[in-house]
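Colleague: I am new to this structure and should like to understand the terms used for it. Would you kindly take me through the reasoning behind each one?

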Amino acid sequence: MKHQLDFEKPITELQNKLDDLRAHPDKHSLGISVEEEIQSIEKKIEDMRRQTYLNLNAWQRVQVARHPRRPYALDYFQKTFSDFQELHGDRLFADDHAMVGGFAKLGEHRVMVIGTQKGRDTKENILRNFGMTHPEGYRKALRLMRMAHKFGLPIITLIDTVGAYPGIAAEERHISEAIAVNLREMTLLEVPIIAAVIGEGGSGGALGIGVADRVLILENAYYSVIAPESCATILWKDRASAAKAAAALKITAKDLLHLKLVDDVVPEPLGGAHTDAAGTAMNLKTHLIRHLEQILALPVAERLKKRYEKFRAHGHFLEHGGDSGDLKSAKPAEPVAA
């Protein structure tokens, strides 16, 4: 199996055995027919895959989220949406190929779609800067969002990035300012906004297009303030502790839904989105349409109020020393007069 993950090895071994049996049935030596043995192995593969994927830990889900055959934003633009027309440039500096967007249709709804895009091979990864956006990428996204606001189009963003580009060029062109402006402006746009984490949701690079009325996440995606390897390097001085960091960060879809940092989890086919891109795209489409129609039913003033309250309510802490150890909401601090 190409791009095999570590925890998939037992499944791969059974699959190889099955492929060999189909290719060389003359080597079959058991007391049952070839067809019966094939059916038996197929059932074992299905049961093993189900048992494996229903019990993935946080680090294993990170690996699935990074799978090189996982669908990217442009794949969803073609499968989840229709009539996609890409728009380019920030009208200030350049066109960042790590941030893509344009007009599209979601069912019967005309929308503006924006997403972070990775590459499939070395050449495309260089073009897409490995999915890490420069300041002009966020400014392009904001230009498209303002255009959507002008024409009354809902905004859908698809997040899949390890983070914003951390290089000198990005700092010279004020990456932090570009992200900060997006955060501010997205809270004020009067059109509906839905963000969906489809793979990696890394730090401010993800949040730069992540302020929305509803935040969705695919079942095997993750959303985090820092990559597990970076967290492990800081806390344990060892990247090998990434699995421990992933568990501690509470970055999986289930954890994020429990913490109320996302609003809904989009299920993936058994084995991950990379095993059935079309099925995953249809699942995402169903969830996006349902949430969009719910948001469209709200008056603008109420929509903006709920969006503001949603992000003001973020923040949980684990209270040590108590008996329960339950997660409790941290109330936002009240402004203090100077």
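Modeller: Please bear in mind that this is a predicted model. Let us begin with helix 6 and helix 8, whose axes come within 8 Å and cross at roughly 20°.

Colleague: Why is helix 6 called roughly parallel to helix 8?

Modeller: Angles under 35 degrees count as roughly parallel. The axes of helix 6 and helix 8 cross at roughly 20°, and therefore helix 6 is roughly parallel to helix 8. The crossing of helix 6 with helix 8 is left-handed.

Colleague: Which residues of helix 6 and helix 8 meet?

Modeller: From helix 6 come Pro-135, Tyr-138, Arg-139, Ala-141, Leu-142, Met-145 and Arg-146, and from helix 8 come Ile-175, Glu-177, Ala-178, Ile-179, Val-181, Asn-182, Glu-185 and Met-186. By class, this contact of helix 6 with helix 8 has ten nonpolar, one polar and four charged residues.

Colleague: What makes the pairing of Arg-139 and Glu-177 a salt bridge?

Modeller: The rule asks for a side-chain nitrogen of Lys or Arg within 4 Å of a carboxyl oxygen of Asp or Glu. For Arg-139 and Glu-177 the N to O distance is 2.7 Å, and the pair counts as a salt bridge. Arg-139 lies in helix 6 (residues 135–151) and Glu-177 in helix 8 (residues 175–188), so the salt bridge ties together parts that are 38 residues apart in sequence.

Colleague: Why are Arg-139 and Glu-177 called partly exposed?

Modeller: Partly exposed is what lies between under 20%, which is buried, and over 50%, which is exposed. Arg-139 has a relative accessible area of 21%, and Glu-177 stands at 40%; therefore Arg-139 is partly exposed, and Glu-177 is likewise partly exposed.

Colleague: How do you know that Lys-310 is buried or exposed?

Modeller: Lys-310 has 13% relative accessibility, and because buried means under 20%, Lys-310 counts as buried. The side chain of Lys-310 meets that of Asp-263 in a salt bridge of 2.6 Å, N to O. Asp-263, at 31% relative accessibility, counts as partly exposed.

Colleague: Where do Asp-47 and Lys-43 lie with respect to each other?

Modeller: Asp-47 and Lys-43 are four residues apart in helix 2 (residues 34–53), which means that about one helical turn separates them. An α-helix has 3.6 residues a turn, so residues three or four places apart point the same way. Asp-47 and Lys-43 form a salt bridge, with their closest N and O atoms 3.0 Å apart. Lys-43 is exposed, at 54% relative accessibility, whereas Asp-47 is partly exposed, at 38%.

Colleague: How many salt bridges does the rule give?

Modeller: The count comes to 18 salt bridges. There is also a network of salt bridges that links Arg-66, Lys-118, Asp-160, Glu-200 and Glu-229.

Colleague: What makes helix 1 and helix 2 roughly antiparallel?

Modeller: Helix 1 (residues 9–23) and helix 2 pack at an angle of about 160°, and their axes are 10 Å apart. Because angles over 145 degrees count as roughly antiparallel, helix 1 and helix 2 are roughly antiparallel to each other. The crossing of helix 1 and helix 2 is left-handed. Among the residues that make the contact are Leu-14 and Leu-18 of helix 1 and Ile-41 and Ile-45 of helix 2. The residues of the contact of helix 1 with helix 2 divide into ten nonpolar, two polar and six charged.

Colleague: Why is helix 3 described as largely enclosed by the rest of the structure?

Modeller: Seven of the eight residues of helix 3 (residues 58–65) are buried, so helix 3 is largely enclosed by the rest of the structure. The buried residues are Ala-58, Gln-60, Arg-61, Val-62, Gln-63, Val-64 and Ala-65. They pack against helix 2, strand 5 (193–202), strand 7 (222–224), helix 10 (228–236) and helix 11 (242–249).

Colleague: How do you know whether Val-100 is buried or exposed?

Modeller: Val-100 is found in strand 2 (residues 99–106). Its relative accessible area is 1%, and because buried means under 20%, Val-100 is buried. Leaving out residues up to four places away in sequence, Val-100 touches several residues, including Leu-74, Phe-77, Val-113 and Ile-114.

Key: Residues numbered from 1 in each chain as written. Predicted model: local features only at pLDDT ≥ 70, side-chain atom pairs only at ≥ 80, totals over all residues. Heavy atoms only, no water. Helix = DSSP H or I, 4+ residues; strand = E, 2+ residues; numbered from the N terminus. Buried < 20%, exposed > 50% of the residue type's maximum accessible area, 1.4 Å probe, protein only. Axes fitted to C-alpha atoms, helices over the stretch in contact; angles between N-to-C directions. Parallel < 35°, antiparallel > 145°, perpendicular 65-115°, else oblique. Left-handed = near helix turned anticlockwise from the far one by under 90°. Contact = heavy atoms within 4.5 Å. Nonpolar A, V, L, I, M, F, W, Y, C, P; charged D, E, K, R; others polar.
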